[in-house]
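Q: I would like a close look at a single part of this model, with the terms explained as they come up.

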Amino acid sequence: MTRFDDDPVYADLLFRQPRRHGKWRAVEPPVLGAPVADTHAHVQLLPNPPLALARAGVFGVDFICTIVDVWEDGSATFDCLEEWREEAAGVVAELVERSLEPLGQPPRDLSAPALRASGRDDVGESLRASGRDDVWPFEAAELLVGEPEAARALAVAAAERAAGREATACVPRMRIAVGCHPHNASHWDDALEALLRERLADPRVAALGEVGLDYHYDFSPRDVQREVFRRQIRIAKELQLPLILHMREAHDDGFAILEEEGWPEAGVLLHCFNLDWAEAQRWVERGCYVAFGGPLTFKNAEEVRQAAAQVPWDRLLTETDSPYMTPEPMRGLACEPAHTVFTAAMLCQVEGLNPDTPQATAFLQDIHANALRLLDANRTSSRPSKASGEIPCRTADCASRARDLSTTGLWPSGRDDVAVDRSEGC
């Protein structure tokens with residue numbers, strides 16, 4: 001469960017900023033000259049994974065690494081990844097068609113009960129099959145304030161670009177990272193390690209993560225966090241996998257442990273960096289990749305932007321941490337992989353590059369190549385054989401299972417506040 005579960009989900013290609021009285025301002029997305037990668041998303045926690053993947057692909061996000069926690073997340077991502085992507089290809093076509101329709105439509109009752117009563121035929125079979133009960137269509141011109149035509153023109157341009165490609169080519173390629181989050185370190189035992197090793201053997205897995213230390217919440221005792229972190233560093237080195245780090249108010253201890261255990265040769269990614277260059281520098285000097293997400297765009301994050309400007313291009317990455325850490329100006333809504341384009345555009349700005357110039361395109365190509373080099377070096381689209389004979393689930397079942405798992409296994413039991421806390425920084 002996340003605090004975004006009651007947000008409306010619109011079946012169109014607009015980005016929205018929440019305003020008062022249930023209204024929205026349409027946000028103009030940046031136009032980039034190269035594809036971008038979301039190196040850290042929690043796709044199974046999104047309200048409608050196929051729709052999110054389709055929107056991301058249309059806007060040029062062509063690679064996503066989705067994160068799975070070995071203790072709390074179950075098998076939904078492993079079971080449903082291909083179904084989500086297949087469904088997303090059908091949704092792409094619907095999004096393109098709907099985005100080319102006129103903006104002005106007669107006012108309608110967009111409440112969830114009214115749409116359910118109408119049979120929801122306007123949403124489309126693919127979107128209904130995705131398991132979300134309140135995917136709203138784009139007909140709500142009367143709910144958009146300001147000047148929505150400029151934003152819609154960019155949405156139409158993205159739809160027209162997508163219309164010239166096969167729908168399957170618009171769906172982002174995906175890999176998985178799996179590990180034990182420091183919040184869940186107290187659940188580590190031999191059985192959980194065995195399950196982690198089983199998950200890591202899946203050919204779609206690209207990294208071990210997110211793992212590390214979190215001294216902000218201390219949901220697991222710090223000594224336990226440190227020991228479990230050490231154990232997972234050793235597993236990453238043994239299996240020659242990159243390591244994706246979660247460090248919160250614990251960078252000194254985390255760095256010291258990596259110095260003692262040795263840095264995995266396959267690479268290390270410092271996820272969701274939101275500190276200054278004084279902290280980033282030592283990680284970069286050890287060859288660590290530094291991933292920037294929504295915090296890079298926050299109004300009070302000048303030190304983060306200054307840090308990003310000093311990270312060498314060959315160590316930079318983009319991410320979302322969706323559904324958390326939504327970038328400006330959409331803060332207050334759930335983040336999604338499509339929002340990567342806003343962070344990528346901000347990275348161009350901090351580098352002094354206009355996003356629509358050849359220099360910016362070369363820069364974006366470089367950081368995109370970083371993501372593929374680290375997380376997609378051994379490309380595979382195959383799914384492991386299921387010795388048990390389990391039949392892959394349909395997308396509607398997958399969406400339902402992902403939501404069920406996120407409500408029954410999210411964080412230590414009894415912590416109803418965790419979802420809200422985690423939305424402020426993961």
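Which residue in S8 stands opposite Phe 63?

A: Phe 63 stands opposite Arg 173 in S8. The model is a predicted one, in which local features need pLDDT of at least 70 and side-chain atom pairs count only at pLDDT 80 or more, while totals for chains, interfaces and linings use all residues. Residues are numbered from 1 along each chain as its sequence is written, and side-chain values use heavy atoms, without hydrogens or water.

The Phe 63 and Arg 173 positions belong to a parallel pairing: strand S5 (residues 61-69) and strand S8 (residues 173-179) are joined by 7 bridges. Strands are DSSP runs of E with at least two residues, helices are runs of H or I with at least four, and both are numbered from the N terminus. Two strands pair if DSSP finds at least two bridges between them.

S5 and S8 sit within an open sheet of 8 strands, paired in parallel in the order S4-S5-S8-S9-S10-S11-S12-S13. The edges are strand S4 (36-41) and strand S13 (316-318); each has a single partner strand, so one side of each has no neighbour in the sheet. From one strand to the next, the twist averages 25 degrees (axes are lines fitted to C-alpha atoms, for helices over the stretch in contact, with angles from 0 to 180 degrees between N-to-C directions).

Helices pack on this sheet, among them H7 and H12. Helix H7 (residues 222-239) touches S8, strand S9 (205-214) and strand S10 (243-248), contact being heavy atoms within 4.5 Å. The direction of H7 makes about 160 degrees with that of S9. Helix H12 (residues 358-375) touches S4, S5, S8, S9, S10, strand S11 (268-270), strand S12 (289-292) and S13. The direction of H12 makes about 85 degrees with that of S13.

The stretch leading into S5 also takes part in an aromatic contact. The structure holds 9 aromatic pairs (Phe, Tyr or six-membered Trp rings with centres within 6.5 Å; planes under 30 degrees apart are stacked, over 60 edge-to-face, the rest tilted). One of them is the tilted pair of Phe 15 and Phe 59, at 4.8 Å centre to centre with 55 degrees between the planes. This pair links distant parts of the chain, 44 residues apart: Phe 15 lies in strand S2 and Phe 59 in the loop between H1 and S5.
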